[in-house]
Amino acid sequence: VILPNTSSSAPVTEAFDNLSVGTNFRIGNGAAEDTTLIFDGNAQDFYIGLDDSTDDLVFGKGSTLGTTQAMAIDENMDVAFGPTTNVTITNDGNEDTLQLISTDTDANAGPVLDFNRPVTGADDDVLGKITFSALDDGNNAVDYAYIETHIKDASDTAEDGLLDFQVMSAGTSRSFLILNGGGTVIVNQDSQDID
């Protein structure tokens, strides 16, 4: 509590009700220990905490550090989402919604967007998909086009990939172009009447 220092008739107030800190607020004492700030909700708790064993600043759901982690920032300032997090970025204008910027100047590629599925693959596994979707004039969600990649052959030292370009045509998604690492380029795989 905070006690008045000017008048005995002034009220006694709770220090942590609408707490205002002027400059610095420190949690922990520098020892090897986890520290957590818990937001105690009516139906759901959330936390921000320091996992001292990994030097990660962690954001998550629950009242215990490490439960249902949503995001972590490590000591190298690398940010990791997940393992069960979906990320949505919303923009109400037509600006660039997401930019990947590299300030490096050399002969190497940069910036780099890496779709990575680091598990043992098998033939015909779908590795990733980029979808272009919108509502039609009846407010139905439609995938108007997408690019999808597969493992065609997962054999060690004989790997083949496949890249498929699908486009909505007369209400049905059709394959317009396939680049097959096995040595073929396929146009109009679905044999549609298109130029």
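Two strands pair if DSSP finds at least two bridges between them. Strands (E, at least two residues) and helices (H or I, at least four) are DSSP runs, numbered from the N terminus. The model is predicted: local features need pLDDT of at least 70, side-chain atom pairs count only at pLDDT 80 or more, and totals for chains, interfaces and linings use all residues. Residues are numbered from 1 along each chain as its sequence is written, and side-chain values use heavy atoms, with hydrogens and water left out.

**Exercise 1. Inventory**

Task: State how many helices and strands the chain has.

Solution. Step 1: count the helices; there are zero. Step 2: count the strands; there are ten. Step 3: read the order from the N terminus, which is β-β-β-β-β-β-β-β-β-β.

**Exercise 2. Pairing around strand 2**

Task: Find which strands pair with strand 2, and in what sense.

Solution. Step 1: take strand 1 (residues 35-39) and strand 2 (residues 46-51). They pair in the antiparallel sense over five bridges. Threonine 36 stands opposite glycine 49. Six residues lie between these two strands in their hairpin.

Step 2: take strand 3 (residues 56-61). Six bridges join strand 2 to strand 3, and the two run antiparallel. Here aspartate 51 faces aspartate 56. This pair also forms a hairpin, with four residues between the strands.

**Exercise 3. Unusual backbone**

Task: Locate two residues with a positive phi that are not glycine, and two cis peptide bonds.

Solution. Step 1: recall the background. Most residues other than glycine have a negative phi, and most peptide bonds are trans.

Step 2: look in the loop between strand 2 and strand 3, where aspartate 55 is found. Aspartate 55 has a positive phi of about 55°. At 36% relative accessibility, aspartate 55 is partly exposed. The classes are buried under 20% relative accessible area, exposed over 50%, and partly exposed in between (1.4 Å probe, protein chains only).

Step 3: go to the segment after strand 10 (184-187), which holds serine 191. Serine 191 has a positive phi of about 55° too. Serine 191 is exposed, at 61% relative accessible area.

Step 4: turn to the loop between strand 5 (79-81) and strand 6 (126-135), which holds proline 83. The bond from glycine 82 to proline 83 is cis, with omega near 20°. Proline 111 lies in the loop between strand 5 and strand 6 as well. The bond from glycine 110 to proline 111 is cis, with omega near 5°.

**Exercise 4. A glycine in a loop**

Task: Decide whether glycine 66 is buried or exposed.

Solution. Step 1: place glycine 66 in the loop between strand 3 and strand 4 (69-73). Step 2: read its relative accessible area, which is 51%. Glycine 66 is therefore exposed. Step 3: compare with aspartate 52. The two are 14 residues apart in sequence and 11 Å apart in space, C-alpha to C-alpha.

**Exercise 5. The whole chain**

Task: Describe the overall dimensions, burial and charge of the chain.

Solution. Step 1: the C-alpha trace spans about 90 × 50 × 40 Å along its principal axes. Step 2: buried residues make up 13% of the 195 residues. Step 3: count charges, with Lys and Arg as positive and Asp and Glu as negative; His and the chain ends are not counted. The chain has 6 positive and 34 negative side chains. The centres of the two sets lie 7 Å apart, with each charge placed at NZ of Lys, CZ of Arg, CG of Asp or CD of Glu.
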